[in-house]
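Open the model in your viewer and keep the sequence panel beside it. We will select a few pieces in turn and see what is there.

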Amino acid sequence: MASEKSRVLVLGGTGYLGKRLVKASLRQGHPTYVLQRPENCMDINKIQLLVRFKKGGAKIIEGSLSDHGSLVRAVKQVDVVISALSSSDTSATATQLQHKIVDAIKEAGNVKRFVPAEFCIDPARMFHKHEPAKALNDGMMAVRKAIQDAKIPYTAIAANVFAGYYAPNLCQFGTLMPPKDKVDIFGDGNAKVIFLDEDDIATYTIKTIDDPRTVNKTLHLMPPENILSQNELVEIWEKLTEKKLKKSFISAEEFLAMMKGAHFIIQFGIAHNYPLYYEGCLTNFEVKEGEEEASKLYPDVKYTRVEEYLKRYL
């Protein structure tokens with residue numbers, strides 16, 4: 001007889017990645033719960049999404065991340081907690097909310113697995129030299145330490161880069177759409193980047209929650225055919241469009257100089273992406289003890305290739 005699927009609570013379930021996690025959890029047969037937060041009760045898009053989740057079989061729990069008691073009550077109803085709160089929020093409030101989740105899980109005492117809100121480049125391997133990215137990285141590491149100190153079973157998901165933010169725009173800043181005539185190439189354009197379809201991130205995440213091989217480990221999402229340089233990404237787009245783009249090569253000094261006077265989000269993006277393009281941080285290591293690689297653990301997942309992803313934008 002097959003073992004019973006874990007009950008899953010998704011926090012931030014109406015967000016960009018959160019809604020995909022809810023759908024993946026339901027699709028893989030888990031009893032799935034979504035926290036309905038009072039601050040979202042006037043957001044028609046989020047409310048309608050919750051209604052669709054409920055229709056699809058999810059259970060909606062009322063609670064607030066700022067109300068410890070309600071959060072503990074929600075956590076006590078499940079086996080697994082996944083935090084899909086935005087990891088790109090660099091404010092102190094975002095880190096404080098993560099610590100509140102850890103405190104609630106610790107008090108509830110019943111959670112078999114916690115997946116914290118990382119879903120990016122592994123913060124244990126990122127040594128940011130530039131703010132504001134350094135603050136985000138330090139905050140995530142502080143949350144991870146709190147999880148370990150509380151002896152909460154966890155799996156950290158190193159999802160590298162979301163394809164929607166990096167692939168269609170060919171890694172350009174200031175747009176999420178493909179460039180029409182010219183493209184900036186960072187460094188020599190040969191540093192490898194790992195692109196993940198957001199639905200695949202959700203699929204891998206849900207597969208790991210009942211897997212004893214991933215408890216108290218970092219799961220690296222490194223689908224081999226999606227490990228591409230910026231040059232290779234541009235070549236794929238040029239092949240699909242049958243059009244060559246004019247290329248400007250941006251030195252490390254020029255790249256960092258772009259931060260001056262830029263909007264905070266652009267400054268964050270530059271600081272965050274510097275190690276990707278100029279240090280090759282995504283692929284300059286071997287997966288070691290205490291870590292796993294998703295495509296090897298779950299070869300049955302038919303992940304979306306970058307070329308397939310780009311075809312959506314033709």
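Start with two strands, β10 and β13. They run parallel, and 3 bridges join them. Bear in mind that this is a predicted model.

Now pick one pair across that join. Select leucine 219, then look across to β13: glutamate 292 stands opposite.

Next, select residues 217-220, which make up β10, and add β6. These two strands also pair in the parallel sense, over 4 bridges. Click alanine 156 for one example: its bridge partner in β10 is threonine 218.

What holds such strands side by side? Strands of a sheet pair through backbone hydrogen bonds, either parallel or antiparallel.

Show the whole sheet now. It is open, with 3 strands in the order β6-β10-β13, and the pairing is parallel. Which strands are at the edges? They are β6, residues 155-158, and β13, residues 291-293; each of them pairs on one side only. Turn the view to look for the twist, which averages 25° from one strand to the next.

Leave the sheet and turn to empty space. How many cavities of 30 Å³ or more does a search of the whole structure find? The search finds 3. Go to the largest cavity, which holds about 60 Å³ of space.

To see its walls, select Ile121, Asp122, Arg125, Ala158, Asn160, His220, Cys281, Leu282 and Phe285. Color this lining by class: 5 residues are nonpolar, 2 are polar and 2 are charged.

Finish by showing two of the lining residues, Ala158 and His220, together with the strands. Residue 158 belongs to the edge strand β6, and residue 220 belongs to β10.

Definitions and conventions: Residues numbered from 1 in each chain as written. Predicted model: local features only at pLDDT ≥ 70, side-chain atom pairs only at ≥ 80, totals over all residues. Heavy atoms only, no water. 1 Å grid on protein atoms, 1.4 Å probe; cavity = no way out; pocket = protein on both sides within 12 Å on 5 of 7 lines; lining within 4 Å. Points joined across faces, edges and corners; volume = space filled by probe spheres on them. Nonpolar A, V, L, I, M, F, W, Y, C, P; charged D, E, K, R; others polar. Pairing = 2+ DSSP bridges. Axes fitted to C-alpha atoms, helices over the stretch in contact; angles between N-to-C directions.
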